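The exercises below are meant for a reader who is meeting this structure for the first time. Please work through each task with the model in view before reading the solution that follows.

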Amino acid sequence: MRHWLIVLVLLCLTGCGKGLPQPREMSDLALMRTMAVDAGEEDGIKVTVSSGEEEPLLLSAQRGTVAAACQGVRIHGEHPVFLGHVEKLLLGEGLSDVGGVLPTLNYVCRDEELGLETEVWFVRGEAAEEISFPGAVGVKRTAGDVLTDLMENGCSFLPVVGGGYAILDGERIRGWTMGDAALGLELLQEHPASDLMELRGGAVKLDSVALTCVPVVEEKKVTGLELDLRLMVHLEERIQGSPDLSEMEHEAAAQAEQWIAAAVKQAQTENLDYLGLCRRAGVSGPEHWKLLRAQAPEKFADWRIGINCTVTMTDQRR
């Protein structure tokens with residue numbers, strides 16, 4: 001698998017043998033910032049692009065494939081359309097009915113103008129309707145991130161416009177993670193969307209999140225995982241008569257554990273390690289990596305996953 005991933009990255013960087021794009025005068029190009037991909041009529045693919053300005057240039061084309069639809073928008077208008085400045089890729093829910101999201105991700109990663117670093121969001125509905133979407137506050141995911149997850153684990157997740165995350169099982173959407181489970185997912189990625197935690201005694205801001213994940217092995221079998229999360233926070237606001245800092249630390253830790261437990265429960269219910277816990281456990285215990293890879297697909301749902309959160313709080317208001 002690692003060899004195939006290296007080959008894929010090389011193909012992406014080389015444009016699959018097409019060579020580097022020919023230089024063009026920037027003034028002659030229509031620069032696009034956002035791309036939306038939806039299911040079109042009669043099982044086709046519709047691509048919509050926007051220049052992202054206050055009065056954006058919007059172009060759309062529908063063809064039988066993603067590549068042909070992108071070519072369609074490239075030849076629209078008075079000037080050639082340049083997609084090398086596309087920052088956001090929005091995937092519409094209807095793609096599940098026309099081959100899933102993988103063809104689009106494959107194309108974006110191979111294209112000579114787009115690429116692995118294009119940020120990806122999912123839209124519950126038609127992606128073109130959210131073409132002016134300014135950007136999500138969730139965990140940032142690139143086309144390369146998601147494609148690597150799918151190749152290595154067979155599953156992944158995407159931030160959803162409007163909040164929460166879409167769970168990918170192969171090419172298809174398996175479900176959604178919202179609320180506490182979404183907050184737990186963000187902590188487990190060490191990139192919480194919101195850096196503010198509200199407590200009974202006030203509010204704290206997250207300065208850093210560090211996660212370690214260690215496999216529990218008994219008689220050459222993985223029976224569980226131990227998650228250790230360390231949060232560094234500082235006191236942002238304190239209500240008069242609130243508990244002391246140590247009590248607030250315990251409350252923040254309990255809240256974080258609740259979020260993570262919700263995320264882990266949903267992942268185990270789906271029996272999909274889209275959270276990437278096995279990969280982290282493999283890094284922490286490489287001698288157990290083969291066991292993790294061999295047993296996770298069938299046993300992940302049954303593993304006992306321990307969660308321990310430690311919070312260190314400072315008061316910087318003084």
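**Exercise 1: An open sheet**

Strands S11 and S12 run antiparallel and are joined by 4 bridges. Starting from this pair in the predicted model, work out the order of the strands in the sheet and find which strands stand at its edges.

*Solution.* Begin with the link between the two strands, where a hairpin of 2 residues leads from S11 to S12. Within this pairing, Met197 stands opposite Val204 in S12.

Next, move to the other side of S12, where strand S12 (residues 202-218) and strand S13 (residues 221-238) pair in the antiparallel sense over 16 bridges. Here Val204 has Leu235 of S13 as its bridge partner, while Lys205 has His234 of S13 as its own. The hairpin of S12 and S13 also has 2 residues between the strands, and in it Glu219 takes a positive phi near 55°.

Now put the pieces together: the open sheet consists of 4 strands in the order S11-S12-S13-S14, with mixed pairing. Strand S11 (196-199) and strand S14 (304-314) each have a single partner strand and stand at the edges, so one side of each has no neighbour in the sheet. Ignoring direction, neighbouring strands of this sheet are turned by 40° against each other on average.

Finally, consider what lies against the sheet: helix H7 (residues 277-284) packs on it, touching S12, S13 and S14, and the direction of H7 makes about 70° with that of S12.

**Exercise 2: Two helix pairs**

Two packed helices are described by the angle between their axes and the distance between the axes. Describe in this way how H5 packs with H6 and how H3 packs with H4, and list the classes of residue in each contact.

*Solution.* Take H5 and H6 to start with. The axes of helix H5 (residues 179-188) and helix H6 (residues 245-270) come within 7 Å and cross at roughly 100°. Since angles of 65 to 115 degrees count as roughly perpendicular, H5 is roughly perpendicular to H6. The residues that meet include Asp180, Leu183 and Leu187 in H5, and Trp259, Ile260 and Ala263 in H6. By class, this contact of H5 with H6 has 11 nonpolar, 3 polar and 1 charged residues.

Turn then to helix H3 (residues 102-110) and helix H4 (residues 143-153), whose axes come within 10 Å and cross at roughly 125°. H3 and H4 are therefore oblique to each other, and H3 passes H4 in a left-handed crossing. On the H3 side the contact is made by Leu102, Leu105, Asn106, Val108 and Cys109, which meet Ala143, Gly144, Val146, Leu147 and Leu150 in H4. The contact of H3 with H4 divides into 8 nonpolar, 2 polar and no charged residues.

**Exercise 3: Where to read with caution**

Which elements of the chain have the lowest and the highest confidence, and over which residues does pLDDT stay under 50?

*Solution.* Begin with the chain as a whole, which has a mean pLDDT of 85, with 89% of its residues reaching 70 or more. Then compare its elements: confidence is lowest in helix H1 (residues 2-14), at a mean of 46, and highest in strand S2 (residues 34-39), at 96.

Last, look along the sequence for the weak stretches. Over residues 1-11 pLDDT stays under 50, and the model has 9 contacts beyond four places in sequence for them. Over residues 13-27 pLDDT likewise stays under 50, and for these the model has 12 such contacts beyond four places in sequence.

Methods
Residues numbered from 1 in each chain as written. Predicted model: local features only at pLDDT ≥ 70, side-chain atom pairs only at ≥ 80, totals over all residues. Heavy atoms only, no water. Axes fitted to C-alpha atoms, helices over the stretch in contact; angles between N-to-C directions. Parallel < 35°, antiparallel > 145°, perpendicular 65-115°, else oblique. Left-handed = near helix turned anticlockwise from the far one by under 90°. Contact = heavy atoms within 4.5 Å. Nonpolar A, V, L, I, M, F, W, Y, C, P; charged D, E, K, R; others polar. pLDDT = per-residue confidence, 0-100. Pairing = 2+ DSSP bridges.
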